[in-house]
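Here's a quick tour for anyone meeting this chain for the first time. Have a look at the picture, then read on.

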Amino acid sequence: MTKRNMREKFEVKETVRFGRGLFAVRVIKKDERILEFTGPTISFEQALKKPSDKLSCPLQIGPKAYLDIQEPGVMVNHSCLPNAGIRDDKFLVAIEEIQSGEEIFYDYSTTMDEDLWTMTCLCKKSNCRETIRDFKYLSSDVQCKYLDLAIVQSFIGRKFFTLQNKKYNTSEPLSSFQQLCSLQDF
Ligand SMILES: [Zn+2]
């Protein structure tokens, strides 16, 4: 696919509540790639020094590694009920069919694991968590939904699975998220 084709899927526009955001300019099918997040890889210390504004929102890609993402990726807003997510650590994909004109969102908690940053959410969805925190603080229902959709950063998924295996300490280690998510008390 050419870059031009990728760009024709969306445009950056002013939103009512969140500054600029990313909007579909045609129907985007479920599982279709929307964009690749690009930018230099920076350390945790460098990420801490970034000003906290809309044009600076490093994307966590490892326990201490961040992508200092550039436009247009940095323009994608958060929602607690997203229509997109990040797969393979850096590709924004639709998790449902997105209509032309709709704003594109992902859930920032799917990329966060550092017990540092939080964000007040004004998405006003019925399931809004109001404060956006690390993946580990999501309810197990939401964690399973995102793991099943494969839209959790891979380092978070691995760490989460290791921790759950320790917690349940079954004779056979849990070998899949489906197995974990089917546990009654998870
Ligand atoms: Zn929200």
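## Contacts along the chain

Take the contacts between residues at least 6 apart in sequence: 59% of them join residues at least 24 apart. Keep in mind that this is a predicted model.

## Overall build

What does the chain's secondary structure come to? You'll find five helices and twelve strands. Along the principal axes, the C-alpha atoms fill a box of roughly 50 × 35 × 35 Å.

The radius of gyration is 17 Å, which agrees with the value near 16 Å for a compact globule of 186 residues. As for burial, 30% of the 186 residues count as buried.

## The nonpolar core

In soluble globular proteins, nonpolar side chains tend to be buried together. Here, the largest nonpolar core has 35 residues, and the ones with the most contacts inside it are Ile34, Val76, Ala84, Leu92 and Ile104. Several elements each chip in at least two residues, including strand 2 (20–24), strand 3 (33–36), strand 10 (103–106) and helix 3 (140–148).

Which residues does Leu92 touch, leaving out those up to four places away in sequence? The list runs Ile34, Leu35, Phe37, Gly73, Val76, Ala84, Ile86 and Tyr106.

## A hairpin to look at

Strand 5 (residues 59–62) and strand 6 (residues 65–67) run antiparallel and are joined by three bridges. A hairpin of two residues takes you from strand 5 to strand 6. To spot one of the pairings, find Gln60: its bridge partner in strand 6 is Tyr66. Strand 5 and strand 6 also each supply at least two residues of the core.

Technical notes:
Residues numbered from 1 in each chain as written. Predicted model: local features only at pLDDT ≥ 70, side-chain atom pairs only at ≥ 80, totals over all residues. Pairing = 2+ DSSP bridges. Helix = DSSP H or I, 4+ residues; strand = E, 2+ residues; numbered from the N terminus. Core = buried A, V, L, I, M, F, W, Y, C linked by C-beta atoms within 7 Å. Buried ≥ 20, exposed ≤ 12 C-beta atoms within 10 Å, placed from the backbone. Contact = placed C-beta atoms within 7 Å. Rg over C-alpha atoms; globule rule 2.2 N^0.38 Å.
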